[in-house]
Amino acid sequence: MGQWLSWIKSNEKELLKILDDLAKKAVETSEAVVVLFNDLSNKEQAKKIHQLETEADVLTRDIFSELNKTFITPLDREDMQRIASKIDDVIDFMDGIAARVYSYQITTPPPYTAEMAHELVKATKEVEYMISKLQRIKNPKDMIEHCRNTSDIEHVVDDLYREAIKELFETNDAIKIIKLKDIYETMETASDRCVDVADVIEDIVLKYT
């Protein structure tokens, strides 16, 4: 019996470790997006981002697989599934940014994209921090504060998005408008998904403390 309980405990740690790795992958991907906009002539950067997205998919599948094998989970099964899915969404949308830049043959960083990319790094780092504290929530107020930080970052991205769209529609180039609007919207959605993660974590904090 003791050996069985030991296996359960080990499995719980494995779940949180995979979740932590997934959050780290989100940070790595957001930092790669910053590099992308710093040098759009580097065609390999989009491939690197897609590779990170593929690795994140594997981690997400691993989490769902472990959850299906585990009777006792460190947090509610549904909460862990939601967190994993939302972080995976963040990474998917960042891969979408790179894919659009490549497909649309964007050679010059569009206005506001560099600033938005840096804000995405901040948001994913907030997510990474909060995930790292899930194993033992010692300071609920600190966790809530970081949830709020993620929301504040999203507001900054929203402001940048609105300014970008405003300036974009002051031009008369319909093809340019279509391309850049798609990129801006994808960046803004990636930020929204970070807030989705924070919302789940806030629910957990309120539930367990």
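## Exercises on a predicted helical model

By the sulfur-to-sulfur rule, the count of disulfides comes to 0. The model is predicted, so let us begin with how far its coordinates can be trusted and then work through cysteines, salt bridges and the core.

### Exercise 1: Confidence

Find the mean pLDDT of the protein chain, and say which elements have the lowest and the highest mean values.

**Solution.**
Step 1. Start with the whole chain: its mean pLDDT is 90, and 91% of its residues reach 70 or more.
Step 2. Go element by element. H1 has the lowest mean pLDDT, 79, while H4 has the highest, 97.
Step 3. Now look at the beginning of the chain. The pLDDT stays below 50 over residues 1-10, and this stretch has 3 contacts in the model beyond near neighbours in sequence.

### Exercise 2: The cysteines

Explain why Cys147 and Cys194 are not bonded to each other.

**Solution.**
Step 1. Recall the cut-off: a disulfide needs two cysteine sulfur atoms within 2.5 Å.
Step 2. Take Cys147. Its closest cysteine sulfur belongs to Cys194 and lies 12 Å away, which is too far for a bond.
Step 3. Check from the other side. For Cys194, the closest cysteine sulfur is that of Cys147, again at 12 Å and too far for a bond.
Step 4. Add the surroundings of each residue. Cys147 is buried at 4% relative accessibility, and Cys194 is buried at 1%.

### Exercise 3: Salt bridges along a helix

The structure holds 18 salt bridges. For the pairs Asp20 with Lys24 and Lys47 with Glu44, work out how the partners are placed along their helices and whether each is buried, partly exposed or exposed.

**Solution.**
Step 1. Begin in helix H1, which covers residues 2-38. The side chains of Asp20 and Lys24 form a salt bridge with an N to O distance of 2.5 Å.
Step 2. Count along the helix: Asp20 and Lys24 are 4 residues apart, so about one helical turn separates them.
Step 3. Compare their environments. Asp20 is buried, with 14% relative accessibility, whereas Lys24 is partly exposed at 38%.
Step 4. Move to helix H2. Here Lys47 and Glu44 make a salt bridge of 3.5 Å, N to O. They are 3 residues apart in this helix, so about one helical turn lies between them.
Step 5. Finish with accessibility: Lys47 is exposed at 53%, and Glu44 is partly exposed at 48%.
Step 6. Some salt bridges share partners, and these join Asp79, Arg82, Asp203 and Lys207 into one network.

### Exercise 4: A salt bridge between helices

Which helices hold Lys25 and Glu55, and how many residues apart are they?

**Solution.**
Step 1. Identify the interaction: the side chains of Lys25 and Glu55 meet in a salt bridge of 2.7 Å, N to O.
Step 2. Place the partners. Lys25 sits in helix H1 and Glu55 in helix H2 (residues 44-69), 30 residues apart, and the pair thereby links distant parts of the chain.
Step 3. Read off the environments: Lys25 is buried with a relative accessible area of 15%, and Glu55 is partly exposed with 27%.

### Exercise 5: Two residues of helix H3

Describe where Asp79 and Ala99 lie and what can be said about their surroundings.

**Solution.**
Step 1. Locate Asp79 in helix H3, residues 77-103. Asp79 is buried, at 4% relative accessibility.
Step 2. List its contacts. Setting aside neighbours within four places in sequence, Asp79 is in contact with Val200, Ile204 and Lys207.
Step 3. Turn to Ala99, which is also found in helix H3. Ala99 is partly exposed at 36%.
Step 4. Relate Ala99 to Ile49: they are 50 residues apart along the chain, and their C-alpha atoms are separated by 8.9 Å.

### Exercise 6: The largest nonpolar core

Which residues touch the most other members of the largest nonpolar core, and which element gives it the largest share?

**Solution.**
Step 1. The core has 66 residues, and those touching the most other members are Phe37, Ile83, Ile87, Ile131, Leu134 and Ile201.
Step 2. Map the core onto the fold. The elements giving two or more residues are H1, H2, H3, helix H4 (113-132), helix H5 (140-168) and helix H6 (174-208).
Step 3. Find the main contributor: H6 supplies the largest share, 13 residues.
Step 4. Zoom in on Phe37. Not counting residues up to four places away in sequence, Phe37 touches Ile97, Val101, Pro109, Pro110, Thr113, Ala117, Ile183 and Met187.

Definitions and conventions:
Residues numbered from 1 in each chain as written. Predicted model: local features only at pLDDT ≥ 70, side-chain atom pairs only at ≥ 80, totals over all residues. Heavy atoms only, no water. Salt bridge = Lys/Arg side-chain N within 4 Å of Asp/Glu carboxyl O. Buried < 20%, exposed > 50% of the residue type's maximum accessible area, 1.4 Å probe, protein only. Contact = heavy atoms within 4.5 Å. Core = buried A, V, L, I, M, F, W, Y, C linked by side-chain atoms within 4.5 Å. pLDDT = per-residue confidence, 0-100.
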